[in-house]
Amino acid sequence: MSIPHVHKKPDTDMVNSPPHYDQSIECIDAMKAMTEGKELPPHQAYCWQNAFKYLWRWPRKKKVGLEDLKKCRWYLDRLIAEVEAEK
């Protein structure tokens, strides 16, 4: 007697297509566009992009959305400190 083949639903691809990346514009493309042509120190650009990334995706991550808001704030505070240190 043969065992019928069971079709298993494919696992979510959390690397290439995680569910919180379900928009027509990818966050990484928006991040690239927002820094093109800007004269920013690399670390400031990094902090700006990370704050943006966490703010962009927080409503799509139901279980850890608040954590993403706090990460956004951490990077924003770091960016503020970097900009203040320049003055």
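1. In this predicted model, the packing of helix 2 against helix 3 (residues 65-86) is described by an angle of about 155° and a distance of 8 Å between the axes. Helix 2 is therefore roughly antiparallel to helix 3, since angles over 145 degrees fall in that class. The crossing of helix 2 past helix 3 is left-handed.

2. The residues that form this contact can be listed for each helix. Helix 2 contributes His43, Gln44, Tyr46, Cys47, Trp48, Asn50, Ala51, Tyr54, Leu55 and Arg57. From helix 3 come Asp68, Leu69, Lys71, Cys72, Tyr75, Leu76, Arg78, Leu79, Glu82, Val83 and Glu86.

3. Gln44 merits separate comment. This residue belongs to helix 2, which spans residues 42-57. Its relative accessibility is 6%, so Gln44 counts as buried, the cut-off for that class being under 20%. Leaving aside residues up to four places away in sequence, Gln44 touches Leu79, Glu82, Val83 and Glu86. These four residues are among those listed for helix 3 in the contact with helix 2.

4. Which side chain makes a polar contact with the side chain of Gln44? The partner is Glu86, at 3.0 Å. Glu86 is also one of the residues that Gln44 touches.

5. Glu82, a residue of helix 3, may be set beside Gln44. With a relative accessible area of 26%, Glu82 is partly exposed, whereas Gln44 is buried at 6%. The value for Glu82 places it in the intermediate class because buried requires under 20% and exposed requires over 50%. When residues up to four places away in sequence are not counted, Glu82 touches His43 and Gln44. Both His43 and Gln44 are listed on the helix 2 side of the contact.

6. Glu82 also gives a spatial reference to Cys47: the two are 35 residues apart in sequence, and their C-alpha atoms are 9.3 Å apart. Cys47 and Glu82 each take part in the contact of helix 2 with helix 3.

7. As to the chain overall, the protein has three helices and zero strands, and its pattern along the sequence reads α-α-α. Among contacts with a separation of 6 or more, 52% join residues 24 or more positions apart.

8. Of the 87 residues in the protein chain, 25% are buried. The chain exposes about 7300 Å², and 58% of this area is supplied by carbon and sulfur atoms.

Conventions
Residues are numbered from 1 along each chain as its sequence is written. This is a predicted model: local features need pLDDT of at least 70, side-chain atom pairs count only at pLDDT 80 or more; totals for chains, interfaces and linings use all residues. Side-chain values use heavy atoms; hydrogens and water are left out. Helices (H or I, at least four residues) and strands (E, at least two) are DSSP runs, numbered from the N terminus. Buried means under 20% relative accessible area, exposed over 50%, partly exposed in between (1.4 Å probe, protein chains only). Contact means heavy atoms within 4.5 Å. Accessible areas come from the Shrake-Rupley method with a 1.4 Å probe; for residues, only the protein chains shown count as cover. A polar contact is a pair of N or O atoms within 3.5 Å; within protein, one must be able to donate a hydrogen and the other to accept it, and residues adjacent in sequence count only if both atoms are side-chain atoms. Axes are lines fitted to C-alpha atoms, for helices over the stretch in contact, and angles run from 0 to 180 degrees between N-to-C directions. Angles under 35 degrees count as roughly parallel, over 145 as roughly antiparallel, 65 to 115 as roughly perpendicular and the rest as oblique. A crossing is left-handed if the near helix is turned anticlockwise from the far one by less than a right angle, and right-handed if clockwise.
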